[in-house]
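Let's take a walk through this structure together, starting with one pair of residues and working outwards from there. Have the sequence and the 3D view at hand as you read.

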Amino acid sequence: MKKKIVIIGAGLSGLYLGYRLKKEGFLVRILEANARIGGRIFTKNVHHTHVELGATWLWKYNEELLKLCRELNITLFEQDMHGDALFEATSANAVQRFQLPQNQEISYRIAGGTRVLLDQLAIGFSKEELLLNQKVQQINTTESGVEVLTENIAFTADLVVSTLPPKVLVHSVAFSPALDANLIQVAKHTHTWMKDSIKFTLVYKRAFWKEKGLSGVGFSNVGPFTEMYDHSDLEHKHFALMGFLHGALAKETKAYREEKVREQLFKFFGQDGSNYLSYEEKNWSEEPLVTTADSGFLSPHENNGHPIYQKAYLKDRFFIAGSETSPSYGGYMEGAIYRGNQIVAQIKRGFE
Ligand SMILES: Cc1cc2nc3c(=O)[nH]c(=O)nc-3n(C[C@H](O)[C@H](O)[C@H](O)COP(=O)(O)OP(=O)(O)OC[C@H]3O[C@@H](n4cnc5c(N)ncnc54)[C@H](O)[C@@H]3O)c2cc1C
């Protein structure tokens with residue numbers, strides 16, 4: 001009989017695990033709390049283009065992720081950095097123009113948006129295999145397996161894999177019997193990458209910055225945006241900028257942040273800058289499926305890939321995946337895939 005595996009979360013980790021485990025002959029069911037797939041990958045369609053409010057870049061050393069992109073025929077293109085950059089040192093001074101160093105690490109983007117990677121992974125799942133709006137609340141270990149409870153459905157499985165950021169897992173899911181106390185302690189102190197970031201995008205009619213010999217790259221000590229990049233599409237048909245806002249603005253309203261960004265754009269680019277077609281933003285610190293109410297400080301990547309995540313729990317029926325549990329590039333998309341490969345190997349070994 002085919003073994004049943006419930007995967008919690010339909011971010012990159014959950015979808016990749018479902019894709020791989022289904023190919024290995026397991027019966028998979030992916031439960032996602034949100035009304036959309038993707039988790040911290042969030043590509044939005046705006047004015048006929050795709051803007052990234054979550055993960056955007058990959059790099060040539062992301063070996064497992066690049067292998068997957070080749071397998072799924074995904075087209076990559078270089079982040080456009082051509083032209084001068086701008087720097088705002090203080091609010092009193094004019095914005096300075098400077099040349100970016102030539103030997104910078106190249107970042108790559110996915111043509112059509114990072115969402116394309118998710119869609120390719122999800123393409124083969126039926127409605128029974130991938131369920132949205134199913135927030136897992138409780139996990140019970142029974143004589144014969146595991147029971148996973150959402151608000152109104154109980155799912156049974158031989159094995160369960162969580163892909164939630166570990167801190168979110170131990171804050172939002174109850175276990176009976178309880179999870180290992182050491183594991184809970186480490187999970188509570190495992191940093192979730194980018195959980196506090198505020199990302200914004202602007203779509204324009206023309207890439208006016210290119211007409212001025214600018215790359216679209218901007219840095220600021222003042223804010224509200226601290227860094228910004230060109231975000232136009234591969235075909236150079238749609239034009240956009242994308243960047244990050246200062247974390248101190250997290251408690252302000254969207255309208256207030258947008259107004260401050262508009263003022264800063266005017267300082268950087270004049271009227272062209274403030275004449276955008278759309279402003280989009282995502283304040284990740286307000287996303288309960290990524291971050292938790294507990295505000296204790298953790299260093300970036302603290303406890304990512306901790307050895308405690310390598311073990312199986314609940315009588316070898318429960319595995320903890322997700323990018324933050326990866327010993328390689330924990331927190332990044334590469335980590336999600338690297339860890340997914342580890343878990344698949346571990347599960348297969350258990351049935352040999
Ligand atoms: C703004 C931002 C920019 C980033 N930029 C980059 C980048 O350029 N390059 C890069 O490599 N990485 C980047 N990252 C990190 C990257 O997004 C993550 O490494 C990756 O998406 C993690 O995938 P995951 O599936 O492990 O976790 P997640 O994406 O967090 O997925 C977990 C899923 O579980 C769901 N969930 C939560 N609780 C429950 C529950 N109780 N029941 C059911 N489902 C639940 C969530 O809704 C989510 O869909 C960025 C992240 C952010 C936020």
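Start by finding K23 and E71, which form a salt bridge whose closest N and O atoms are 3.6 Å apart. A salt bridge here is a side-chain nitrogen of Lys or Arg within 4 Å of a carboxyl oxygen of Asp or Glu. In general, side chains of opposite charge can pair when their charged atoms come close.

A quick word on what you're looking at. This is a predicted model, where local features need pLDDT of at least 70 and side-chain atom pairs count only at pLDDT 80 or more, while totals for chains, interfaces and linings use all residues. Residues are numbered from 1 along each chain as its sequence is written, and side-chain values use heavy atoms, with hydrogens and water left out.

Now zoom out. The domain assignment splits the chain into domain 1 (1-41 + 117-188 + 302-352) and domain 2 (44-113 + 196-286); such bounds come from an automatic or database domain assignment. The centres of the two domains, taken over C-alpha atoms, are 32 Å apart. Where they meet, 17 residues of domain 1 are in contact with 17 residues of domain 2, contact meaning heavy atoms within 4.5 Å.

How much area do domain 1 and domain 2 bury between them? About 1400 Å², with 70% of it on carbon and sulfur atoms. Buried area is the accessible area (1.4 Å probe) that two parts lose on being put together, summed over both. On the domain 1 side, L117, M333 and E334 supply 41% of the area buried against domain 2, more than any other three residues.

As for charges and hydrogen-bonding atoms, the rule finds one salt bridge across the interface of domain 1 and domain 2. It also finds six residue pairs in polar contact there, both residues being at pLDDT 80 or more. A polar contact is a pair of N or O atoms within 3.5 Å; within protein, one must be able to donate a hydrogen and the other to accept it, and residues adjacent in sequence count only if both atoms are side-chain atoms.

Which helices each supply at least two residues of the domain 1 side that touches domain 2? They are helix 1 (12-23), helix 3 (115-122) and helix 9 (333-350). Helices (H or I, at least four residues) and strands (E, at least two) are DSSP runs, numbered from the N terminus. Helix 9 gives the largest share of that side, five residues. Sorted by type, the residues of that side are 10 nonpolar, three polar and four charged. Here Ala, Val, Leu, Ile, Met, Phe, Trp, Tyr, Cys and Pro count as nonpolar, Asp, Glu, Lys and Arg as charged, and the others, Gly among them, as polar.

Back to salt bridges, since the count comes to 20 by this rule. One of them joins D80 and K210, with the closest N and O atoms 3.0 Å apart. D80 sits in the loop between strand 5 (76-78) and strand 6 (84-88), and K210 in helix 6 (residues 208-211), so this pair ties together parts that are 130 residues apart in sequence. D80 is buried at 16% relative accessibility, whereas K210 is partly exposed at 29%. Buried means under 20% relative accessible area, exposed over 50%, and partly exposed in between (1.4 Å probe, protein chains only).

Another pair to look at is D84 and R97, whose side chains meet at 2.8 Å, N to O. With D84 in strand 6 and R97 in strand 7 (residues 96-98), the pair ties together parts that are 13 residues apart in sequence. D84 is buried, at 19%, and R97 is partly exposed, at 46%.

Then there's the salt bridge between R257 and E281 (2.6 Å, N to O). It links distant parts of the chain, R257 in helix 7 (residues 254-269) and E281 in strand 19, 24 residues apart. Are these two buried or exposed? R257 is buried, with a relative accessible area of 2%, and E281 is buried too, at 12%.

Right beside E281 in the sequence, K282 lies in strand 19 (residues 278-283). K282 is buried, at 16%, and beyond its neighbours within four places in sequence it is in contact with F42, L53, S197, I198, K199 and E287.
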